[in-house]
Amino acid sequence: MRIGFGYDVHRLVKGRPLFLGGVQIPHDKGLLGHSDADVLLHAVCDALLGAAALGDIGTHFPDSDRYYKDISSLTLLEKTAALIAEKGYILGNLDATLIAEAPRIGPHRDKMQRNIAEILGVTEDRVNIKATTNEEMGFIGRGEGIAAHCVALLVAR
């Protein structure tokens with residue numbers, strides 16, 4: 001068994017769509033980044049890569065590469081899943097937390113979990129997503145950004 005931890009944060013800005021867990025969520029702001037800036041999927045990728053001792057998301061999908069400009073983070077997760085499989089691992093489970101004042105995550109949680117489970121080739125009961133606020137403190141509390149944490153357990157095939 002191998003355990004990995006992932007963290008990501010992106011600034012919220014006007015004029016961009018908001019993607020979380022591969023789901024476009026109605027909101028007046030979106031996350032700023034080279035790709036679609038999906039903080040949840042970026043944290044998931046980092047947790048998986050860390051568990052397999054494969055570095056991090058920036059190593060495999062650098063923001064200096066135009067290929068990844070505005071790419072869907074679902075594609076990045078697919079590429080990460082292939083790297084994990086090449087090393088002989090499958091997902092045991094993952095647990096992720098989104099930290100945002102808005103929007104509400106609950107209505108979209110099931111679709112996010114389905115997206116991740118499908119790409120990783122596991123049942124949805126191996127993927128858990130939670131959400132919390134920052135109690136109006138700091139940059140997240142002021143609605144300036146969204147963060148995500150993820151812990152993933154990989155097991156040998």
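Glu101 is in contact with Thr133, Asn134, Glu135, Glu136, Ile140 and Gly141, leaving aside its neighbours within four places in sequence. The model is a predicted one. Glu101 sits in the loop between β5 and α4. An open sheet of five strands, five salt bridges and a nonpolar surface patch are the other main topics, along with His42 in helix α1.

**Glu101 and its surroundings**

- Glu101 has a relative accessible area of 26%, so this residue counts as partly exposed.
- Among the contacts of Glu101 are two further glutamates, Glu135 and Glu136.
- The contact list of Glu101 also includes Ile140 and Gly141.
- Gln24 is 77 residues from Glu101 in sequence. In space, the C-alpha atoms of Glu101 and Gln24 are 17 Å apart.

**Sheet and helix packing**

- The five strands of the open sheet run in the order β4-β1-β7-β5-β6. Their pairing is mixed.
- The edge strands are β4 (30–31) and β6 (127–132), and each of them pairs on one side only.
- Strand β7 covers residues 145–156 and pairs with β1 in the antiparallel sense. That pairing runs over 10 bridges.
- Gly4 stands opposite Ala152, a residue of β7.
- Helix α4 (residues 109–120) lies across β5 (89–99) and β6. The angle between α4 and β6 is about 145 degrees.

**Nonpolar surface patch**

- Six residues make up a nonpolar patch on the surface: Ile3, Phe5, Tyr7, Val9, Phe139 and Val151.
- Together they have about 560 Å² of accessible area.
- Strand β1 gives the largest share of the patch, with four residues.
- Phe5 is a patch member and lies in strand β1.
- The relative accessible area of Phe5 is 51%; the cut-off for exposed is over 50%, so Phe5 counts as exposed.

**Salt bridges**

- The count of salt bridges comes to five.
- Asp70 forms a salt bridge with Arg16, with the closest N and O atoms 3.7 Å apart. Asp70 lies in the loop between α2 (57–60) and α3 (73–86), and Arg16 in the loop between β1 (2–13) and β2 (18–20), so the pair ties together parts that are 54 residues apart in sequence.
- Asp70 also forms a salt bridge with Lys69, and here the closest N and O atoms are 3.9 Å apart.
- Asp70 is partly exposed at 47% relative accessibility. Lys69 is partly exposed too, at 34%.
- Glu144 and Arg142 meet through their side chains in a salt bridge of 2.8 Å, N to O. Glu144 is partly exposed, with a relative accessible area of 32%. Arg142 is exposed, at 55%.
- Salt bridges with shared partners join Arg16, Lys69 and Asp70 into one network.

**His42 in helix α1**

- His42 belongs to helix α1, which spans residues 39–51.
- Is His42 buried or exposed? His42 has 8% relative accessibility, and the cut-off for buried is under 20%, so His42 counts as buried.
- Not counting residues up to four places away in sequence, His42 touches Asp8, His10, Ser35, Asp36, Ala37, Ile57, Ser73 and Leu76.
- These contacts include a second histidine, His10, and two aspartates, Asp8 and Asp36.

Technical notes:
Residues are numbered from 1 along each chain as its sequence is written. This is a predicted model: local features need pLDDT of at least 70, side-chain atom pairs count only at pLDDT 80 or more; totals for chains, interfaces and linings use all residues. Side-chain values use heavy atoms; hydrogens and water are left out. Helices (H or I, at least four residues) and strands (E, at least two) are DSSP runs, numbered from the N terminus. Buried means under 20% relative accessible area, exposed over 50%, partly exposed in between (1.4 Å probe, protein chains only). Contact means heavy atoms within 4.5 Å. A salt bridge is a side-chain nitrogen of Lys or Arg within 4 Å of a carboxyl oxygen of Asp or Glu. Two strands pair if DSSP finds at least two bridges between them. Axes are lines fitted to C-alpha atoms, for helices over the stretch in contact, and angles run from 0 to 180 degrees between N-to-C directions. Patches are made of residues with over 30% relative accessible area and no salt bridge: like charges are joined within 9 Å, nonpolar side chains (Val, Leu, Ile, Met, Phe, Trp, Tyr) within 5 Å. Accessible areas come from the Shrake-Rupley method with a 1.4 Å probe; for residues, only the protein chains shown count as cover.
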